[in-house]
Amino acid sequence: RVDHDYQAFDKYFRSDETLECNETMLRTQLELLPRSTTSTRGTVEGDPLNLVVIGDFDTIRNAFGARWDDTEKISLRSCWLTVQSVLLGTRYRYCPVSSLYFQGRSQDFALQRTRQQINERLHLRLWITPLLFMGKPVWAGQISRDIGVRFTPKTWNLTTHKIDPDVDDARDYVLSDLVAVGRVATLGYVEGAGAADRKAPRHNLTGDPYFTDGLRAVAVFSESKATPSFLDWA
C-alpha cells in the first residue's frame, strides 16, 4: 500500500492556476520557493527544500527505478513492521516516512533508498507545484540521509530518525545517482534553500542540526536515455 496509490496530482491546481515558465522565469520561481518544509500549521521550519525535479510522475518514478523503493502508507501494520525492523536491526524496504509540509500539505509521494538497516536510509519527499517547464510539472523536494534513531517527545511514538547534518551530501548523491541511470536531460543548481554554516546550523522539526550551502539541485528528467546538459545558474 504505497503512499501514492490513487493519488491524482493534478487535483491541486486548476488549469488557470498553473504557470508555464521559460528558463529565466523558472529560475526566478525556484528561488522564490520557501527555503524549508514546515510543521502541519506552517509555523515551524523543518528540513530544507533542497531539490527540484521536473517531469511527469511516471517518468520520475521510472527513472529512480529499482534503485529506490516506494514508501508505505502509515498504518498499524506498517508501524509494527517499522518497530520490528528497528528492534531487530533489519531492513524494511517500504518503511513509511513521516509527514513534512509544503504549501499546507504533506508530501505527495516519497521514495527511499535503504542500506543495511532501517536506521540508515535516504528519504526523498516530493510535492507537485503549479509550475510547468516545457509542459512538464515541477516538483519541489526534500532529501536527507538517516544515520540513526533517537528518542524524542516531539513524535507520537517517541522516536525519530536522526539525519546526517551534511544535507548537501545527500542532495548531491541523488544527482549523481540519476546521472548514472542516464535519465536526466538537464541538471544544475539554483539558490533558494538558504545557507546555514556548520558553526551556526539550522534545525529541523525534531531538533536535528543541519548545515548547507543553500543551493537546490535541479534535474529535468528525460523519458529516454540522455546525456545531461548543465544549467549555469548557481
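# Worked exercises on a predicted model

The count of aromatic pairs in this predicted model comes to five. Let's start there and work outward.

## Exercise 1: Two phenylalanines

Classify the ring pair of Phe 64 and Phe 221, and work out where its two members sit.

**Solution.**

Step 1. A ring pair is described by the distance of the centres and the angle of the planes.

Step 2. For Phe 64 and Phe 221, the centres are 6.1 Å apart and the planes meet at 45°. Planes under 30 degrees apart would be stacked and over 60 edge-to-face, so this pair goes down as tilted.

Step 3. Now place the rings: Phe 64 belongs to helix α2 and Phe 221 to strand β15, 157 residues apart, so the pair links distant parts of the chain.

Step 4. As for burial, Phe 64 and Phe 221 are both buried.

## Exercise 2: A phenylalanine and a tryptophan

Do the same for Phe 102 and Trp 127.

**Solution.**

Step 1. Here the centres are 6.0 Å apart and the planes are at 65°, which makes the pair edge-to-face.

Step 2. Phe 102 is in strand β6 (residues 101-102) and Trp 127 is in strand β9, so the pair ties together parts 25 residues apart in sequence.

Step 3. The cut-off for buried is under 20% relative accessible area. Phe 102 has 3% and so counts as buried; Trp 127 has 0% and is buried too.

Step 4. One more aromatic group to find in the viewer: ring pairs join Phe 57, Phe 109 and Trp 139 into a cluster.

## Exercise 3: Strand β15 and its neighbours

Which strands pair with β15, and in what sense? Is β15 enclosed or open?

**Solution.**

Step 1. Take burial to begin with. Seven of the seven residues of β15 (residues 215-221) are buried, so the strand is largely enclosed by the rest of the structure.

Step 2. In a regular strand, side chains alternate between the two faces of the sheet.

Step 3. Check that against the residues: Leu 215, Ala 217, Ala 219 and Phe 221 point one way, while Arg 216, Val 218 and Val 220 point the other, and all are buried.

Step 4. Next, the partners. Strand β4 (residues 51-54) runs parallel to β15, joined by four bridges; Val 52 has Val 218 as its bridge partner.

Step 5. Strand β12 (residues 184-191) pairs with β15 in the antiparallel sense over seven bridges, and there Val 190 is matched with Arg 216.

## Exercise 4: Strand β9 and its neighbours

Work out how buried β9 is and what pairs with it.

**Solution.**

Step 1. Twelve of the 13 residues of β9 (residues 121-133) are buried, so β9 is largely enclosed by the rest of the structure.

Step 2. β1 pairs with β9 in the parallel sense, over three bridges. Leu 19 has Leu 131 as its partner.

Step 3. Strand β8 (residues 109-114) runs antiparallel to β9, with six bridges between them. Here Thr 114 partners Arg 121.

## Exercise 5: Asn 22

Is Asn 22 buried, partly exposed or exposed, and what does its side chain reach?

**Solution.**

Step 1. Find Asn 22 in the loop between β1 (19-21) and α1 (23-32).

Step 2. Its relative accessibility is 42%, so Asn 22 counts as partly exposed.

Step 3. The Asn 22 side chain reaches the backbone nitrogen of Thr 24 at 3.1 Å.

Step 4. Looking further along the chain, Leu 132 is 110 residues from Asn 22 in sequence, yet their C-alpha atoms are 8.8 Å apart.

## Exercise 6: A hairpin and a helix

Describe the hairpin made by β2 and β3, then the burial of α2.

**Solution.**

Step 1. Strands β2 (residues 36-38) and β3 (residues 45-48) run antiparallel, joined by two bridges. Ser 36 has Pro 48 as its bridge partner.

Step 2. Six residues lie between the two strands, and Gly 42 in the turn has a positive phi of about 75°.

Step 3. On to α2 (residues 57-64): six of its eight residues are buried, so the helix is largely enclosed by the rest of the structure. The buried residues are Phe 57, Thr 59, Ile 60, Arg 61, Ala 63 and Phe 64.

Step 4. Right after α2 comes Gly 65, with a positive phi near 50°.

Definitions and conventions
Residues are numbered from 1 along each chain as its sequence is written. This is a predicted model: local features need pLDDT of at least 70, side-chain atom pairs count only at pLDDT 80 or more; totals for chains, interfaces and linings use all residues. Side-chain values use heavy atoms; hydrogens and water are left out. Buried means under 20% relative accessible area, exposed over 50%, partly exposed in between (1.4 Å probe, protein chains only). Two strands pair if DSSP finds at least two bridges between them. A polar contact is a pair of N or O atoms within 3.5 Å; within protein, one must be able to donate a hydrogen and the other to accept it, and residues adjacent in sequence count only if both atoms are side-chain atoms. Rings of Phe, Tyr and Trp (its six-membered ring) pair if their centres lie within 6.5 Å; planes under 30 degrees apart count as stacked, over 60 as edge-to-face and the rest as tilted.
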